[in-house]
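Subject: Handing over the model

Hello,

I am passing this structure on to you. Please open it alongside this message.

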Amino acid sequence: SQGQRAEVEAMLRPELAEAARVYGRDNGNYADLATRLAHAIGREGASAAMLLEARDLMAGAVRVMEQIYAPDIEALLDARLNYAVVLTQTGDFAGALGQIKAMKGNARAQDRAMFGFVVYSAQDQGLISEEQAVEI
């Protein structure tokens, strides 16, 4: 709900600012908090401005996590999937599909709905065929 989003945002923004000050923006602690904030503000019903902020936070978090985690680490996979959803919501279907492909088939069963949203949105946009969607 909108109230929960505001509550989580109010809690995470100061923590993210503190992590940036203490650790810098190229640190796993910062990336983890950025992912949490992006997930909170980029949820269904978010404004265009919130989606763009979520996209930028996720882009930075994925960039950092790619440097410090192996490709199959859950934190990076979660960040990639959430980034793909936000990219889909902002109309960057090719970018979203790129994040899904970078997961290299490591999506978990509980991620099926988000994964399907991204893949079938790309299919609806004509970026991939039905056969390609099934193969992903």
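Below are notes on the helices, the largest pocket and a few single residues.

**Ground rules**

This is a predicted model, in which local features need pLDDT of at least 70, side-chain atom pairs count only at pLDDT 80 or more, and totals for chains, interfaces and linings use all residues. Residues are numbered from 1 along each chain as its sequence is written, and side-chain values use heavy atoms, with hydrogens and water left out.

Helices are DSSP runs (H or I, at least four residues), numbered from the N terminus. Buried means under 20% relative accessible area, exposed means over 50%, and partly exposed is in between (1.4 Å probe, protein chains only). Contact, touching and packing all mean heavy atoms within 4.5 Å. The expected span of a helix is 1.5 Å times one less than its number of residues.

**Helix H1**

H1 covers residues 2-23. Its 22 residues reach 30 Å from first C-alpha to last, close to the 32 Å expected at 1.5 Å a residue. The buried residues are Arg 5, Glu 9, Leu 12, Leu 16, Ala 19 and Ala 20. They pack against H2 and H3. After H1 comes Gly 24, with a positive phi near 90 degrees.

**Helix H2**

H2 runs over residues 28-41. Its 14 residues should span 20 Å at 1.5 Å a residue, and the end C-alpha atoms are indeed 20 Å apart. At its start, a side-chain oxygen of Asn 27 comes to within 2.6 Å of the backbone nitrogen of Asn 29. That is a polar contact (a pair of N or O atoms within 3.5 Å; within protein, one must be able to donate a hydrogen and the other to accept it, and residues adjacent in sequence count only if both atoms are side-chain atoms).

Of the 14 residues of H2, 10 are buried, so the helix is largely enclosed by the rest of the structure. Among them are Tyr 30, Leu 33, Leu 37 and Ile 41. The buried residues pack against H1, H3 (48-68) and H4 (74-89).

**Helix H4**

H4 has 16 residues, with an expected span of 22 Å at 1.5 Å a residue; its end C-alpha atoms are 22 Å apart, which agrees. Here 12 of the 16 residues are buried, so H4 is largely enclosed by the rest of the structure. They include Leu 76, Leu 81, Tyr 83 and Leu 87. H2, H3, H5 and H6 are among what covers them. Gly 91 follows H4 and has a positive phi, near 90 degrees.

Two residues of H4 are worth a look. Ala 84 lies in this helix. It is buried, with a relative accessible area of 0%. Leaving aside neighbours within four places in sequence, Ala 84 is in contact with Ala 96, Gln 99, Ile 100 and Val 118. Its C-alpha is 9.4 Å from that of Val 119, 35 residues apart along the chain.

Thr 88 is in H4 too. At 5% relative accessibility, it counts as buried. A polar atom of the Thr 88 side chain lies 2.9 Å from the backbone oxygen of Ala 84. Not counting residues up to four places away in sequence, Thr 88 touches Phe 93, Ala 96, Phe 117, Val 118 and Ser 121.

**The largest pocket**

How much space lies in the largest pocket? About 250 Å³. Its lining includes Ala 38, His 39, Met 58, Asn 82 and Phe 117. H2, H4 and H6 (112-124) each supply at least two lining residues. H4 gives the largest share, four residues. By class, the lining has six nonpolar, four polar and two charged residues.

On terms: on a 1 Å grid over the protein atoms alone, a pocket is an open set of points where a 1.4 Å probe fits, with protein on both sides within 12 Å along at least five of seven lines; lining residues have an atom within 4 Å of a point. The volume is the space filled by probe spheres set on the points, which are joined across faces, edges and corners. Ala, Val, Leu, Ile, Met, Phe, Trp, Tyr, Cys and Pro count as nonpolar, Asp, Glu, Lys and Arg as charged, and the others, Gly among them, as polar.

**Two more residues**

Glu 66 lies in H3. It is partly exposed, at 38% relative accessible area. It touches Leu 76 and Arg 80, not counting residues up to four places away in sequence.

Lys 104 sits in the loop between H5 (93-102) and H6. It counts as exposed, at 64% relative accessibility. Its phi is positive, near 50 degrees, in a residue other than glycine.

Best wishes
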